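Good morning, and thank you for coming. I would ask you to keep the structure in view while I speak, as I shall move from single residues to cores and then to a pair of helices.

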Amino acid sequence: MVTGRTFRQFAADLTSAITLAGITAGRGELVMLHAAALADTGTGRTVALVGRSGMGKTTATRRLGATLGYVTDETVAVDGAGMIVPYAKPLSLIVEELPAPKHQIGPDDLGLLVAPASPTLALVVLLDRKPNASTPKVTPLSHAEAIIELAPHTSSLCEVRQPVSRLCGILDATGGAVRVTYREAGDLAVVLPALLEQPAIRKTWRSVLHRGTEPSSEEHSHLHGAHSRVLKRAELLDAVEIPSPNGQDPELIVMTGQGVVRLSGIGPAIWHALATPCDLVGISERIAPHIGLPGGYESHLLESVEKLRSHGILLDA
C-alpha cells in the first residue's frame, strides 16, 4: 500500500513503487539500464542515455523530447531481440519555488512527443556532462570499456542468463557504445541524430565459460608436490573474451557474484591456464608457451593470482 501525507509525496512514492514493481517483474529476462530513452518517431530507433545522477538525463529528456518520442527517464528494459519495454512514467523534476520532494510531471504536460509502440534500442550513450566543455565530443568505447561503465547502471544484471554476453550482443546491435562529453542538452540535439544512424557491427567477442573437469585429489597431489597450493576457477556467471583495442592480447570480462571484472595483461592467461586446477608452478608452465615469462616473473605471477582471488575469480582447490 502506498500512502503519503501530501499529494506530491503520494505521487512520488507511487511512482517509485510502480518502478520497483516493474524492475522486479523483469528480473532474469530483461537487461535493465538506469537510463533515459528517446526514440525516432518514424523508425522507432531509440537512444539510451546512461549516466550517474547529475549527468543531465532528465534535462536532456525534456530538451530532446520536443523532436524525439519519449520512452522513459528511468529504466530502459531490453529483451533478447533488442526491443524496449516502454515506460513513459512522469518525470521527476525539482521545482525551485516548491518544496521537496521532486515533483512528478507527466510527459504530456511537458510537451514531450509520444514514442512508437515498439521502440528498438539503436544507440547507447554514456553521458559526460562538463560545464567547461566548449563543443560536444563523441568518443567510441570498446566493448570492455562500455561494459565496465554500464554494469553499475543496471538492475539485477546477475540474474540474467549469460549477462556479459547479453551486454555484448546489445553493443554489437547498436554499433558499440559512445561517450558524449557535452555542456548543455542542446549539444546532444546536435550530435545524436547522426549517431542514431550508426549500423550494427560484427561480433568479435566469444563466450569462454567452459567448465573443465577437475582432476581428482590424487592428481592434485602429484602436480608439483603434496604441499603445493592448488588453485581453481570460481563459479562464474559469465566470461567473455574480447579483442584488445590496441591489437595486443585479448581481454577477458568476467562476472562473479561480486560484479563485473575486466582482466587484461597476464590475467586472461592465468584464467585460461586454470581450465583444470593446478599450482603456481603448473600455471607458469601452462602460460609460458603462449605469453613467455621473463626472469623474476614469480612475484608478478603471485601478485596477479592474489588479485584474481580478491575479486572472487580464483579459489583454493
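A residue is called buried when its relative accessible area is under 20%, exposed when that area is over 50%, and partly exposed in between. Please also bear in mind that this is a predicted model.

Let us apply the cut-off to a lysine. Is K89 buried or exposed? Its relative accessibility is 5%, and 5% is under 20%, so K89 counts as buried. This lysine sits in the loop that runs between β5, residues 84–85, and β6, residues 91–93.

Which residues surround K89? If we set aside neighbours within four places in sequence, K89 is in contact with T15, T19, Y70, D73, E74, Q104 and P107. With D73 there is a polar contact: the two side chains are joined at 3.2 Å.

One of the contact partners of K89 deserves its own look, namely T15. T15 belongs to helix α1, which covers residues 7–25. At 11% relative accessibility, T15 also falls under the 20% cut-off and therefore counts as buried. Neighbours within four places aside, T15 is in contact with Y87, K89 and Q104. Q104 thus appears in the contact list of K89 and in that of T15.

I turn now to the nonpolar cores. The largest one has 34 residues, and within it V76, I147 and I242 touch the most other members. Which elements supply at least two residues each? They are the strands β1 (31–39), β2 (45–50), β4 (75–78), β9 (120–129), β15 (238–242) and β16 (251–256), together with the helices α3 (143–150) and α4 (163–173).

Let us take I242 as an example from this core. Not counting residues up to four places away in sequence, I242 touches H143, A144, I147, C168, W205, P250, E251 and I253. There is also a second, separate core of 22 residues, and among its members are V208, V261, I266 and C278.

Next, consider two packed helices. Such a pair is described by the angle between the axes and the distance between the axes. Helix α8 spans residues 280–291 and helix α9 spans residues 297–310; their axes come within 11 Å and cross at roughly 105°. An angle from 65 to 115 degrees counts as roughly perpendicular, and therefore α8 is roughly perpendicular to α9.

Which residues make this contact? From α8 they are L280, I283, S284 and I287, and from α9 they are Y297, L301, L302 and V305. Sorted by class, the contact has seven nonpolar residues, one polar residue and no charged residues.

Just before this helix pair we find D279, in the loop between α7 (267–273) and α8. D279 counts as buried, because its relative accessibility is 3%. A polar atom of the D279 side chain lies 2.8 Å from the backbone nitrogen of G282. By contrast with that contact, D279 and T72 are 51 Å apart in space, C-alpha to C-alpha, and 207 residues apart in sequence.

Finally, I draw your attention to one loop, between β11 and α4, in which both S156 and Q162 lie. S156 has a phi near 55°, which is a positive value in a residue other than glycine. Q162 likewise has a positive phi, near 45°, and is not a glycine. At 29% relative accessibility, Q162 counts as partly exposed.

Technical notes:
Residues numbered from 1 in each chain as written. Predicted model: local features only at pLDDT ≥ 70, side-chain atom pairs only at ≥ 80, totals over all residues. Heavy atoms only, no water. Helix = DSSP H or I, 4+ residues; strand = E, 2+ residues; numbered from the N terminus. Buried < 20%, exposed > 50% of the residue type's maximum accessible area, 1.4 Å probe, protein only. Polar contact = N/O pair within 3.5 Å; in protein donor to acceptor, adjacent residues only side chain to side chain. Contact = heavy atoms within 4.5 Å. Core = buried A, V, L, I, M, F, W, Y, C linked by side-chain atoms within 4.5 Å. Axes fitted to C-alpha atoms, helices over the stretch in contact; angles between N-to-C directions. Parallel < 35°, antiparallel > 145°, perpendicular 65-115°, else oblique. Nonpolar A, V, L, I, M, F, W, Y, C, P; charged D, E, K, R; others polar.
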